[in-house]
Amino acid sequence: ARFFYCAKASKADRNEGLEGFEEKDNNFGKLSLKGITDLRMDNEQNRLPNKNNHPTVKPTKLMQYLVRLVTPVGGTVYDPFAGSGSTGKACKPEGFNFIGSEMEEHSCKIANARIK
C-alpha cells in the first residue's frame with residue numbers, strides 16, 4: 001500500500017503492560033519555551049489521567065509496520081529516544097531485537113513495563 005493510516009494510540013494500547021502503575025495527570029498540557037507557551041497541546045484530551053502520560057505514544061500497529069519496513073529479518077532496532085517504548089513494544093511480535101535509550105527515569109520504567 002502506498003499509504004498506511006493508523007489512528008492515534010488507544011487507551012488500551014497506551015496503557016498495556018502498566019497494570020501496576022497509578023494514573024497520573026498529563027503534565028504535557030502546555031509546553032513552555034523561553035516564556036512562549038504553546039497552546040496547541042492544551043486541550044481536554046491531553047489532560048486526561050493515564051498510566052502512561054508520555055506525550056508522543058505511537059500506535060503499536062504503526063510502529064510494527066515501520067520496523068518491518070526498514071529492518072532486515074532477525075535485525076536489531078535502536079531507538080535513541082525510546083520514550084514510552086512504542087518502538088520496542090512493536091519489535092517484540094515482529095521478532096526483532098531492540099535497544100532503546102531514554103534519559104527520563106519515569107519513561108524508562110514505563111517503556112520496560114510496556115515491552116515485557
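In what follows, a residue is called buried when its relative accessible area is under 20%, exposed when that area is over 50%, and partly exposed in between. By that rule Cys108, at 28% relative accessibility, counts as partly exposed. Cys91, in contrast, has 0% relative accessibility and therefore counts as buried. There are zero disulfides in the structure. I should say at once that this is a predicted model.

Let me turn to the overall architecture. The protein chain contains five helices and four strands. Read along the sequence, these elements follow the pattern α-β-β-α-α-β-α-β-α. Of the 116 residues in the chain, 33% are buried. If we take the contacts between residues at least 6 apart in sequence, 63% of them join residues at least 24 apart. The chain exposes about 7,900 Å², and carbon and sulfur atoms supply 56% of that area.

I move now to helix 4. Its buried residues are Ser86, Thr87, Gly88, Lys89, Ala90 and Cys91. The cover over these residues includes helix 1, helix 3, strand 3, strand 4 and helix 5. Just after helix 4, Gly95 adopts a positive phi of about 80°.

Helix 5 spans residues 105-115, and its buried residues are Ser107, Ile110, Ala111, Ala113 and Arg114. Where do they lie around the axis of helix 5? They cover an arc of only 165°, which puts them on the same side of the helix. Their cover includes helix 1, residues 11-15, helix 3, residues 60-70, and helix 4, residues 86-94.

One residue of helix 5 deserves a separate word, namely Arg114. Is Arg114 buried or exposed? With a relative accessibility of 4%, Arg114 counts as buried. Setting aside residues up to four places away in sequence, Arg114 touches a list of residues that includes Asp13, Arg14, Glu16, Asn52, Thr60, Ser86 and Lys89. Two of those named, Ser86 and Lys89, are among the buried residues of helix 4. Ala90 is another buried residue of helix 4, and its C-alpha atom is separated from that of Arg114 by 10.0 Å, with their positions 24 residues apart along the chain.

Next, the charged pairs. As a general point, side chains of opposite charge can pair when their charged atoms come close. How many salt bridges does the structure hold? There are five.

One of them joins Glu94 and Arg68, with the closest N and O atoms 3.0 Å apart. This pair links distant parts of the chain, since Glu94 is in helix 4 and Arg68 in helix 3, 26 residues apart. Glu94 has a relative accessible area of 24% and is thus partly exposed; Arg68, at 43%, also counts as partly exposed.

A further salt bridge is formed by Glu23 and Lys11, whose closest N and O atoms are 3.9 Å apart. Here too the pair links distant parts of the chain: Glu23 sits in the loop between helix 1 and strand 1, Lys11 in helix 1, and twelve residues separate them. Glu23 is partly exposed at 42% relative accessibility, and Lys11 is partly exposed at 48%.

Within helix 5, Glu105 forms a salt bridge with Lys109, the closest N and O atoms being 3.5 Å apart. Because Glu105 and Lys109 are four residues apart in helix 5, about one helical turn separates them. An α-helix has 3.6 residues a turn, so residues three or four places apart point the same way. Glu105 counts as exposed, at 56% relative accessibility, whereas Lys109, at 46%, counts as partly exposed. Elsewhere, Asp13, Glu16 and Lys89 are joined into one network by salt bridges that share partners.

Two local features remain. On the surface, Leu66, Leu69 and Val70 make a nonpolar patch of about 300 Å². Leu66 belongs to helix 3 and is partly exposed, with a relative accessible area of 35%.

Finally, Gly100 is located in strand 4, residues 97-100. At 38% relative accessibility, Gly100 counts as partly exposed. Gly100 and Tyr78 are 22 residues apart in sequence, yet 5.7 Å apart in space, C-alpha to C-alpha. Which residues does Gly100 contact, leaving aside its neighbours within four places in sequence? Those contacts are with Asp79 and Ala82.

Methods: Residues are numbered from 1 along each chain as its sequence is written. This is a predicted model: local features need pLDDT of at least 70, side-chain atom pairs count only at pLDDT 80 or more; totals for chains, interfaces and linings use all residues. Side-chain values use heavy atoms; hydrogens and water are left out. Buried means under 20% relative accessible area, exposed over 50%, partly exposed in between (1.4 Å probe, protein chains only). Helices (H or I, at least four residues) and strands (E, at least two) are DSSP runs, numbered from the N terminus. The arc is that of the directions from the helix axis to the C-beta atoms. Contact means heavy atoms within 4.5 Å. A disulfide is a pair of cysteine sulfur atoms within 2.5 Å. Patches are made of residues with over 30% relative accessible area and no salt bridge: like charges are joined within 9 Å, nonpolar side chains (Val, Leu, Ile, Met, Phe, Trp, Tyr) within 5 Å. Accessible areas come from the Shrake-Rupley method with a 1.4 Å probe; for residues, only the protein chains shown count as cover. A salt bridge is a side-chain nitrogen of Lys or Arg within 4 Å of a carboxyl oxygen of Asp or Glu.
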